[in-house]
Every structure is written in structure tokens, then in C-alpha cells.
Amino acid sequence: MKKIVLLLIPFLLILPGGVLAETTPTPTSNPTTEAVTEKLSNQINDLKDKIASRVAQLKLVEKKGFIGTIKDVASNQITVIDVAGNQRAVDVDEITKFTSSGKDSFGISDLKSGMKISIIGLYNKDSERLLARFIDTYTLPLYLSGTISNVDKDNYTITLSMENGKSYLVDIESVTKTDIYDADNNAEKSGFSKVEAGVRTQVIGYADKKEANRMVATRILLFPNLPKNPKVIVVPNAVNPTGAAVSTGSGKKLTPIK
Amino acid sequence: MKSERIILSLIALFVGLLVAGGAFYIYQMTQQLPQDRSDTITIRSHPTPTPNSNDFLVIDSPKDEGLIDRKTITVSGKTIPGSTIIVSSESDDQVVKPAPTGTFSVTVTIDTGVNILSITAIFPDGTEKTIMRTITFTTEDF
């Protein structure tokens, strides 16, 4: 009897699985039920296809906004060079809204090659084209980082020498906001009188429309406590980016940094 | 006699289960995914800058050319510990030091429409690296 009980225990453990397996519903051979099942199956498949199609569509298109310079304008297409230098194709349709600050009426016919615009629209990842919804004219801001190499107290300008070897003449206007940062990065309001050559500086502003390498500053951030950039060679109070050599008083002319 | 019948029945049941299980396993092994429902995924390895390089600056957020519906945006990323991070938008500036691990996160205000963000890291050796991001603030639904 004991042997029987011992043999029974493993079978009792296996049996529930077998019983469950046996209770799995099997397709019936009733033709009406088969037709209903097939119809339902088709409906489910249709729904699956629709969902998959919509998901693919959503993944394919995304909202984007970018800035660029117009290279070419056609009736319903604009070719733009973006800030990274890439050529971008922009499509325009009847829904696209055109705006320009200070102008009541503005349209695609007002867009000209060389104009800077901002574009917001739907970007198709597959075709790599953007269907524009909003196009606006844009003034590109300049963010320059460098070291002050010259301060012109008479003309209210500073010269900023940068890591790439270029220099910018920066006009300080009455609206220019100047902040000086301490070692803990706490900002304190400053003024033009405290601007000194040799200080690491960040300038935010807009390019001068008439003169290259010249800009109007809206904000100046001074960092006297940050380490000097070894890639920027500065000769304080001896650089004039407008091209004219600066007199040292000894008759020797100094060459501007380029 | 009765107990022998029970034992034999159970053994028969066990053998039956084994055979059924084996058959099901063989059936499953022979099944293959149709060609039109399968896809090949190619994973390409891109070299990512490491914190050891001299100009390490990575921006995790925001995504370039992305749209947001708030006037403030969080800029986060990683750089060399001890650097100074300057984040400037057209209307706001924020200066922060990264955590000892090099990670940083800072919130800046942006204008309506398309904005350009400048993120500059000034490294302990004095050199610098700048990354630009184009971010759009709009509440328009299109």
C-alpha cells in the first residue's frame, strides 16, 4: 500500500497540468461559429493594420522648428541653408502662415534669397522635407566667447578675440547689460567703466548690418576669475579689428590679430 | 487486483502526457516566423566622447530643433568636473558648475517662436567648447 501511495504522489502533482491542458477549448466544427470567428478575425486584423499604419505615420512625422538663410524660393518650395550649414527643403501650402515684424501683409512672394527666416512645421523623416506651418523673418543673434583684447573708452567699443583666431568689434550701447561673475558664479551688475582688457567674456548681440566682424551687444558677461584660454593670444590695448594699425606712441605699428 | 488497475491507469496517463508533451514540443520547434513579418535590426556603434577627453561636453536635453509649450527649458548634460557652464538664450543667461560627476542641469527662459540656445563649457585648462541648440516655444496646434 505504501508503494502505491509513493507512486501516486508524483502523478497527483502532474495531473492538474494535464487536466488544464485537456480543458483548453478546441475549435468546433459548427459552420456558423466558424463564420463568426472568421469575421471577427478579419475585423481584428483590419484594426491592427489601421493602428500599425497610424503608429508608422506618427513615427514618420515630427514637429520641428529651425532657422536658416534662404537659398532659393519657388512657388511652393523654399531651399534653406540652416545654421549648421545643411541644405534643407521646405514645402509650403495654402495653410502656411507668413509673418514679418512690422509688416501687415507678408507672403511667399516677399521672401528673397539671402533672407533669414524661422520655420516651424511637420518634418517627414522619410523624405527629409519639412511642410511649413509658420514662416517668420528672423534676426540671427550672435553668441561670442573670447577674451577682451582692447577697450576703446572714447568710442564705447571693445574688441573680442576668440579661440578661432577671429576678432569682433563690439559696440556698447545704452541698452547693453553688463554682468560680472565672481568665483562662485554669482552675477553682479557692472558697467562699461569696469570692462578691462584680458578678461574672459561672453557677448550676446546682433551683427552690424553694414560692417563685417562688428556687432552691437545686448548683454556682456565678464568672468575675471575663470582661467585664461591658452588658444587666445591677446595683446591688450593694441588691437583694432577695423584694420587700422594702432600707434604705440613709439612709432612702431602693431599688427591686428586675425 | 484493484490497486494494480489504478497503478496501471496512472502509468498509462503519465505515458500519455509525455507523448502529448513531446508532440507539442516538436510542433513548436518546426514553427517559423514568416519572412514578411520579420525584420533585421542593425545596431551601429557610434564613438561617444569620454569624460577623459579635453573638450568633453554632451547635451542630453533639449533635443535640437524640438518644440516645447513652456517658456522655460531645462538644459542638461555632462562635462568635465570643475568646468563652468554658460547657457544663454536670446533673453536669459545662466552660469553653473557641474556636479563632481560632471553632470549639470539648468533652467533658462526662452522667447516665443524659434530660439537659439548657446551652451558653452569652459574647462579647467581654460579651453572651451560651445554647442548650439535650436528650440521652439509655441502653443499652436498643427
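How many residues of chain B are in contact with chain A? In this predicted model, 33 residues of chain B are in contact with 33 residues of chain A. On the chain B side, the elements that each give two or more residues to this surface are helix α1 and the strands β4 (84-88), β5 (93-96), β7 (113-122) and β8 (128-137). Sorted by class, the side of chain B that touches chain A is made up of 15 nonpolar, twelve polar and six charged residues.

The helix among these elements can be looked at on its own terms. Helix α1 of chain B runs over residues 2-30, and because each residue should add 1.5 Å, its 29 residues should span 42 Å, which agrees with the 43 Å that separates its end C-alpha atoms. This helix is hardly covered, for the count of buried residues among its 29 residues is zero, where being buried would take 20 or more other C-beta atoms within 10 Å.

The strands named above lead into a sheet of chain B. This sheet is open and has five strands in the order β2-β8-β7-β4-β5, with mixed pairing. Its edge strands are β2 (66-68) and β5 of chain B, each of which pairs on one side only, and neighbouring strands of the sheet are turned against each other by 25° on average, if direction is ignored. At the β5 edge, β4(B) and β5(B) pair in the antiparallel sense over four bridges, and in this region Ile86(B) stands opposite Val95(B) of β5(B).

Ahead of strand β2 in chain B comes a loop with a backbone feature that deserves attention. The peptide bond from Ser61(B) to Pro62(B) is cis, with omega near 5°, and Pro62(B) is found in the loop between β1 (57-61) and β2 of chain B.

Chain A offers two further backbone features, both in loops between strands. Glu128(A), in the loop between β5 (116-124) and β6 (129-137) of chain A, has a phi near 60°, a positive value in a residue other than glycine. Asn185(A), in the loop between β9 (167-181) and β10 (187-190) of chain A, likewise has a positive phi, near 65°, without being glycine.

Why is one of these residues classed as exposed and the other as partly exposed? Glu128(A) is exposed because it has 9 other C-beta atoms within 10 Å, and a residue counts as exposed at 12 or fewer. Asn185(A) is partly exposed because it has 16 such atoms within 10 Å, which lies between that limit and the 20 or more needed for a buried residue.

Key
Residues are numbered from 1 along each chain as its sequence is written. Chains are lettered from A and ligands numbered from 1 in the order in which they are written. This is a predicted model: local features need pLDDT of at least 70, side-chain atom pairs count only at pLDDT 80 or more; totals for chains, interfaces and linings use all residues. The expected span of a helix is 1.5 Å times one less than its number of residues. Two residues are in contact if their C-beta atoms, placed from the backbone, lie within 7 Å. Ala, Val, Leu, Ile, Met, Phe, Trp, Tyr, Cys and Pro count as nonpolar, Asp, Glu, Lys and Arg as charged, and the others, Gly among them, as polar. Two strands pair if DSSP finds at least two bridges between them. Axes are lines fitted to C-alpha atoms, for helices over the stretch in contact, and angles run from 0 to 180 degrees between N-to-C directions.
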